[in-house]
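Me: I'm new to this one and would like a close look at a single part of it. Could you walk me through the sheet and whatever is tied to it?

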Amino acid sequence: MEITTPTYEERALQALRELGIPLSFATRPGWPLQIECDELVSIGRDMFDREQRLECTTARQWETMRLAAEREGIVLLVVSAFRSFDYQQQIIARKLAAGLSIEEIVSASALPGFSEHHTGRAIDIGTPESPPLTEAFADTPAFDWLTRNAQNFGFRMSYPAGNKFGVIYEPWHWLYEDGDE
């Protein structure tokens, strides 16, 4: 008997079934699968003293951008970087267990298999001037600096206000585009 390994898409759909989430949430327009990166490098500790990792080129570009901001007096902190498929599934399970509806969850968190964090190219950025992962980040000098300069380092904000995915405005979430987009 031959044992076959499920495809990444099959794995994502199975995770949704295990979570009790209708498969229609995975087939919404514009929600591409985000393949989990398996070649990651450390970028040091985040603002909560947790080890964080990114894909190699993204890590180099992040450090270059962070140092450029620092030279201008801007502090950019890592809040979150790579997130595994399994960890994303745990996040969704915790939110469901807390009583959030799937609609509430997907407006703020990607389903397992669909998070840009899986790619190792997404980073949630914070600064000492605002609480992490809040819209208040948009009112900081760090956000102003990013909106003027991040594209020079290959980064773009994934979820601006009114984005096509229906995700809440996330001024802290930035994706490195390696030219393959």
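**A buried pair and the sheet around it**

Reply: Let's start with two residues tucked away inside: Arg 83 is buried, and Asp 124 is buried too. Keep in mind that this is a predicted model. The side chains of these two meet in a salt bridge, with N and O 3.4 Å apart. Arg 83 sits in the loop between β3 and α3 (85-97), while Asp 124 belongs to strand β4, so the pair ties together parts that are 41 residues apart in sequence.

Now follow Asp 124 into the sheet. Opposite Asp 124 stands His 173, over in β6. Their two strands, β4 (residues 122-126) and β6 (residues 170-176), run antiparallel and are joined by three bridges.

Step back a little and you get the whole sheet: it's an open one with four strands, in the order β3-β4-β6-β5, and the pairing is antiparallel. Since β3 (77-80) and β5 (155-159) stand at the edges with a single partner strand each, one side of each is left without a neighbour in the sheet. Going from one strand to the next, the twist averages 50°.

The sheet has helices against it as well. Helix α2 (residues 56-71) packs on it and touches β3, β4, β5 and β6, with a direction about 105° from that of β5. Then there's helix α5 (residues 141-149), which lies across β4, β5 and β6 and runs at about 35° to β6.

Back to salt bridges for a moment, as the buried pair has company: the structure holds ten of them. One of these links Arg 11 and Glu 36, at 3.9 Å from N to O. Arg 11 lies in helix α1 (residues 8-19) and Glu 36 in the loop between α1 and β1 (40-45), so this pair ties together parts that are 25 residues apart in sequence. How accessible are these two? Arg 11 has a relative accessible area of 28%, which makes it partly exposed, and Glu 36 also counts as partly exposed, at 27%. Salt bridges with shared partners bring Arg 11, Glu 36 and Asp 86 together in one network.

Another one to look for is Arg 45 with Glu 51, where the closest N and O atoms are 3.9 Å apart. Glu 51 is partly exposed, at 41% relative accessible area.

So, if you want a place to begin looking, find Asp 124: it's in strand β4, faces His 173 in β6, and shares a salt bridge with Arg 83.

Methods:
Residues numbered from 1 in each chain as written. Predicted model: local features only at pLDDT ≥ 70, side-chain atom pairs only at ≥ 80, totals over all residues. Heavy atoms only, no water. Pairing = 2+ DSSP bridges. Axes fitted to C-alpha atoms, helices over the stretch in contact; angles between N-to-C directions. Contact = heavy atoms within 4.5 Å. Salt bridge = Lys/Arg side-chain N within 4 Å of Asp/Glu carboxyl O. Buried < 20%, exposed > 50% of the residue type's maximum accessible area, 1.4 Å probe, protein only.
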